[in-house]
Amino acid sequence: MRMYDLIEKKKLGQELSTEEIYHIIDGYTKGEIPDYQISALLMAIYFKGMNVRERYDLTMAMRDSGDILDLSSIDGVKIDKHSTGGVGDKVTLVLGPIIASIGVPVAKMSGRGLGHTGGTIDKLEAFPGFNASLSEEDFINQVNSIKIAVTGQSKNLAPADKKLYALRDVTATVDEISLITSSVMSKKLAAGTDAIVLDVTVGDGAFMKNKESALELARSMVDIGKKADKKIAAFLTNMDEPLGFAVGNDLEVIEAINALKGQGPSDLMEVVYALGSQMIVFSGIEPDKAKARKLMEQAVADGSAYNKFIEFIKTQGGDDSFAKDTGKFVPAKHIIPVEAVQSGYIHGLKAEAIGLASMYLGGGRETFEDVIDMSVGVVLNKKVGDQINAGEPICFIHANDLDKAKHAEEMIRKATTISSEKCDHMKLIIDIVE
Ligand code: URA
């Protein structure tokens with residue numbers, strides 16, 4: 001099989017066979033096919049796409065490029081949750097302990113933040129001592145004993161995706177449905193759970209900028225999950241403005257802890273309850289979604305979700321005193337309000353720019369080697385649809401460097417739209433693909 005012929009075939013819009021797809025992924029993972037030929041193939045896929053069968057084969061070939069976790073020794077239906085990325089997205093930190101406290105086993109592999117989006121593992125490392133690299137055995141034992149473990153992605157999970165993703169990143173081929181589908185689903189299938197709930201973010205701060213493309217991606221991932229015999233559902237959620245009020249690592253952790261104590265922002269809780277009730281339905285613990293939501297609300301109200309969070313942090317080596325007293329997190333040196341220059345209603349708080357402002361302050365990475373400043377970020381004071389008076393803060397910048405804070409302020413001002421016309425709050429759950 002010549003790589004040249006396979007590139008030519010896809011360039012002409014023809015279908016690649018299962019054998020050909022496995023040959024490509026296997027050869028590339030082993031370093032036998034050079035980056036320049038894969039780059040050309042990726043661009044051909046970008047323009048010609050792949051049908052469902054090809055996407056399935058590509059996903060499976062990528063899944064099979066490394067380890068596949070065997071979670072069969074965990075009791076019950078194991079469920080994973082995955083977000084395609086957002087700003088202020090602390091859903092896993094809130095959702096995981098709530099459903100674990102109800103008895104749903106949460107065996108979750110999470111990632112680190114890159115670019116304007118954050119990552120759950122970075123946030124969990126806000127707790128000194130937290131171990132984000134559990135061995136497979138410890139991971140499984142922990143889920144069996146306390147129902148929840150969250151660990152970083154093991155090095156050998158879908159290694160083909162790691163190489164391909166890095167190449168897509170520099171060849172302008174990230175935003176293609178077949179490639180995103182196979183990238184996300186290969187990792188989800190290798191992670192070995194029985195059911196998957198996907199949070200497909202839509203809007204300014206998301207990969208998918210409009211509902212149509214997000215729906216196409218959601219359907220594509222659900223198709224592949226079903227073909228692989230998984231229970232799967234995808235929720236389209238709004239990412240035009242940040243989720244909740246806090247953006248930045250420690251700041252988001254504090255917001256998540258408050259949410260577990262019953263003081264969560266309504267938009268964050270809407271997403272948590274929507275995804276969580278689907279996960280409970282998949283688990284078989286409660287077949288009715290509305291009743292599943294009630295169970296979650298109850299777990300927050302009676303403190304069992306918060307207690308589960310404390311137990312989870314402690315079991316995984318983290319200093320739980322920070323969860324019990326969030327005043328222990330060392331704040332940034334400067335907390336600077338960004339005041340509105342006119343009165344009116346907030347029409348826009350562009351998520352991507354606010355995520356980038358937080359990253360610029362030191363709260364995110366441009367490359368995986370960058371070190372994060374955990375204390376910095378942005379805390380919104382208003383959300384889209386809120387009324388604001390001139391001089392009132394739109395948000396507060398948490399910074400350790402005043403020059404950076406100045407630049408972040410400019411970024412946030414450009415990201416904010418205020419108008420005299422009334423405006424609705426944003427609808428969080430845009431669509432569901434089951
Ligand atoms: N997230 C992934 O893991 N892969 C993509 O291709 C896009 C988002």
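Visitor: How many cavities of 30 Å³ or more does a search of the whole structure find?

Guide: The search finds six. The structure is a predicted model, in which local features need pLDDT of at least 70 and side-chain atom pairs count only at pLDDT 80 or more, while totals for chains, interfaces and linings use all residues. Residues are numbered from 1 along each chain as its sequence is written, and side-chain values use heavy atoms, without hydrogens and water.

Visitor: What volume does the largest cavity have, and which residues are closest to its centre?

Guide: Its volume is about 150 Å³, counted as the space filled by probe spheres set on the grid points, which are joined across faces, edges and corners. A cavity is a set of points on a 1 Å grid over the protein atoms alone where a 1.4 Å probe fits but cannot get out, and lining residues have an atom within 4 Å of a point. H116, T117, G118, S358 and G363 are the closest to the centre, out of 22 lining residues.

Visitor: Why is the largest cavity said to lie between domains?

Guide: Domain 2 (79-324) and domain 3 (331-419) both contribute residues to its lining, so the cavity lies between them. The domain bounds come from an automatic or database domain assignment. The helix that gives the most to this lining is α16, with four residues. Helices α6 (120-124), α11 and α16 (351-363) each supply at least two, a helix being a DSSP run of H or I with at least four residues, numbered from the N terminus.

Visitor: What classes of residue make up the lining of the second largest cavity?

Guide: All twelve are nonpolar, with no polar and no charged residues. Nonpolar covers Ala, Val, Leu, Ile, Met, Phe, Trp, Tyr, Cys and Pro; Asp, Glu, Lys and Arg are charged, and the others, Gly among them, are polar. The lining includes L16, I21, M50 and L179, and α3 (35-48) gives the most, four residues. This cavity holds about 90 Å³ of space. The lining of the largest cavity has 14 polar, four nonpolar and four charged residues.

Visitor: How do you know that helix α5 and helix α11 meet, and what is the handedness of their crossing?

Guide: L93, V94, P97 and I98 in α5 meet V253, A256, A259 and L260 in α11, where contact means heavy atoms within 4.5 Å. By class, this contact has eight nonpolar residues, and no polar or charged ones. The axes of α5 (residues 91-102) and α11 (residues 249-263) come within 9 Å and cross at roughly 30°. The crossing is right-handed.

Terms used: Axes fitted to C-alpha atoms, helices over the stretch in contact; angles between N-to-C directions. Left-handed = near helix turned anticlockwise from the far one by under 90°. 1 Å grid on protein atoms, 1.4 Å probe; cavity = no way out; pocket = protein on both sides within 12 Å on 5 of 7 lines; lining within 4 Å.
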